[in-house]
Amino acid sequence: MSRVDRSYSKYESIRTYEDRGKMKWNPFATAELASAHRDYRSDFNFEEPGFSLEQDDMMTMLSFAKSLQIEITIEYQDEKTNKEITGTVIDWRGQTEIIFKKQDGHYQEIDLECIVKLTDKEYFDPYLKQ
């Protein structure tokens, strides 16, 4: 029996799936293949943000931080996890990203859609409580 070509799939578990000698049809998912999908998906940790900023609030806060060059902490979603960095907003990159200078002196571009939370030491909490 010939091996089924699954090179079209982006998932390694599907590409390397070994048929146990049973006849399979490509359009139909078998129990073993569905199990491989579940195992593959269970490896990821999809974190739901507990806090979400409105687009206008986030743009106002970032513009404020950029104009005063105050140090802020940004919590953003990178791939499947939330990460946190501290530094200053240097500039805008188009309409969708900011250029951020971290405390260690390195620069990082952050997509605005990935930002979950913005904090600083004195300005943002009173603004958000209005």
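Select threonine 88 in this predicted model. Threonine 88 sits in strand S2, which covers residues 81–93. Is threonine 88 buried or exposed? Its relative accessible area is 16%, and the limit for buried is under 20%, so threonine 88 counts as buried.

Now show what surrounds threonine 88. Leaving out residues up to four places away in sequence, threonine 88 touches Gln69, Ile70 and Glu71. Threonine 88 also touches Ile99, Phe100 and Lys101.

Next, select strand S1, residues 72–78. S1 is mostly covered, with five of its seven residues buried. S1 and S2 run antiparallel and are joined by seven bridges. Pick aspartate 78 to see one pairing: its bridge partner in S2 is threonine 81.

Move to the turn of this hairpin. Two residues lie between strands S1 and S2. Click glutamate 79 there: its phi is positive, near 55°.

Which strand besides S2 is joined to S1? Select S5, residues 115–119. Four bridges join S5 to S1, and these two strands run antiparallel. Zoom in on tyrosine 76, which stands opposite isoleucine 115 in S5.

Now zoom out to the whole protein chain. It holds four helices and five strands. Color by element and trace from the N terminus: the order is α-α-α-β-β-β-β-β-α.

Switch to a surface view. The chain exposes about 9500 Å², and carbon and sulfur atoms supply 47% of that area. Of the 130 residues, 27% count as buried.

Finish with a contact map. Among contacts with a separation of 6 or more, 42% are between residues 24 or more positions apart.

Terms used. Residues numbered from 1 in each chain as written. Predicted model: local features only at pLDDT ≥ 70, side-chain atom pairs only at ≥ 80, totals over all residues. Heavy atoms only, no water. Buried < 20%, exposed > 50% of the residue type's maximum accessible area, 1.4 Å probe, protein only. Contact = heavy atoms within 4.5 Å. Areas by Shrake-Rupley, 256 points an atom, 1.4 Å probe, with all protein chains shown as cover. Pairing = 2+ DSSP bridges.
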